[in-house]
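Colleague: Please pick one part of this model and go through it closely, with what surrounds it and what links it to the rest of the chain. Give the cut-offs as you go.

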Amino acid sequence: MHALKPFACGLLIALHGGLYAAPPREAKPIDVGQVLPDVRMAGLNGRSRSLASYVGRPLIINVWASWCGPCRAEAASLERLTWSDAGRSFTVIGISTDDDPDAAKKWLTASNATLSHFIDAGLVLENLLGASRIPLTVLVDAKGRVVTKVQGAREWDSAASIQLIKQAFHQP
């Protein structure tokens, strides 16, 4: 756990099309209306990938930590969302902010996670997304621009959350 960081977990919905540059080392958090830059992500339960490799459809990124109660509570709803009819129009991945990748892997195994998860080495994504408190949900349109940010854990497979996602992505 990060000693000085407030108790936190999070979710981001991102990218679809566009060109992405690597973020500066000490990047400011991405604001609403800005394009999300590309970031290389180290795989926790699969291979490493770049964020830009998901271009082509909306992406939901859940920023979490194994020690975060709200993160753990919302994880099952993200799995259900992924495998639901609504989840067919986007991809869901997880980003762990754990200091210890083994702790993150242990929790993924215990929770029977099927989503692709990555470790946020150096907290690059946490800083870019402005996730000083998590859960954080960032919705990014098809052009890669951040539409809105939502703080707090949710039941991501609920009717209200699915409606929020559809509105953000301008889906019927």
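Modeller: What follows is a close look at one helix and its surroundings. The model is predicted, so local features need pLDDT of at least 70 and side-chain atom pairs count only at pLDDT 80 or more, while totals for chains, interfaces and linings use all residues. Residues are numbered from 1 along each chain as its sequence is written, and side-chain values use heavy atoms, with hydrogens and water left out.

The setting comes first. The chain has four helices and eight strands, where helices (H or I, at least four residues) and strands (E, at least two) are DSSP runs numbered from the N terminus. Their order from the N terminus is β-β-β-β-α-β-α-β-α-β-β-α. Of the 172 residues, 48% count as buried; buried means under 20% relative accessible area, exposed over 50%, and partly exposed in between, with a 1.4 Å probe and protein chains only. Contact means heavy atoms within 4.5 Å. Among contacts with a separation of 6 or more, 73% are between residues 24 or more positions apart.

The part chosen is helix 1, residues 69-83, which bends by about 30 degrees at A75. That bend is the angle between axes fitted to the seven residues ending there and the seven starting there. A75 is itself one of the buried residues of the helix, the others being C71, E74, S77, L78, E79, L81 and T82. The cover over these buried residues includes strand 4 (59-64), strand 5, helix 2 and helix 4 (159-168).

At one end of the region there is a disulfide, meaning a pair of cysteine sulfur atoms within 2.5 Å. The count comes to one: C68 and C71, with their sulfur atoms 2.5 Å apart. The link is right-handed, with 75 degrees about the S-S bond. Both cysteines are buried, C68 at a relative accessible area of 0% and C71 at 2%.

Helix 4, one of the covering elements, contains I162. I162 counts as buried at 18% relative accessibility. Its C-alpha atom is separated by 8.4 Å from that of L81, although the two residues are 81 apart along the chain. Leaving aside neighbours within four places in sequence, I162 is in contact with L81, A86, W156 and D157.

D157 also takes part in the charged pairing at R80. The structure holds three salt bridges, each a side-chain nitrogen of Lys or Arg within 4 Å of a carboxyl oxygen of Asp or Glu. E155 and R80 meet in one of them, at 2.9 Å from N to O. This pair links distant parts of the chain, since E155 is in the loop between strand 8 (146-151) and helix 4 while R80 is in helix 1, 75 residues away. D157 and R80 form another, at 2.5 Å from N to O. D157 lies in the loop between strand 8 and helix 4 and R80 in helix 1, so this pair ties together parts that are 77 residues apart in sequence. R80, E155 and D157 count as partly exposed, at 41%, 42% and 25% respectively. The remaining pair is D85 with R88, at 3.2 Å from N to O; D85 is exposed at 62% relative accessibility, and R88 is exposed at 63%. Salt bridges that share partners join R80, E155 and D157 into one network.

D98 makes a contrast in charge pairing. It lies in the loop between strand 5 (91-96) and helix 2 (101-110). D98 is buried yet has no salt bridge, and the nearest side chain of opposite charge, R72, is 7.9 Å away; here Lys and Arg count as positive and Asp and Glu as negative, with His and the chain ends not counted. The side chain of D98 instead has a polar contact of 2.7 Å with that of S66, and another of 2.7 Å with that of S96. A polar contact is a pair of N or O atoms within 3.5 Å; within protein, one must be able to donate a hydrogen and the other to accept it, and residues adjacent in sequence count only if both atoms are side-chain atoms. Beyond its neighbours within four places in sequence, D98 is in contact with W64, A65, S66, W67, A103, A104 and I119.
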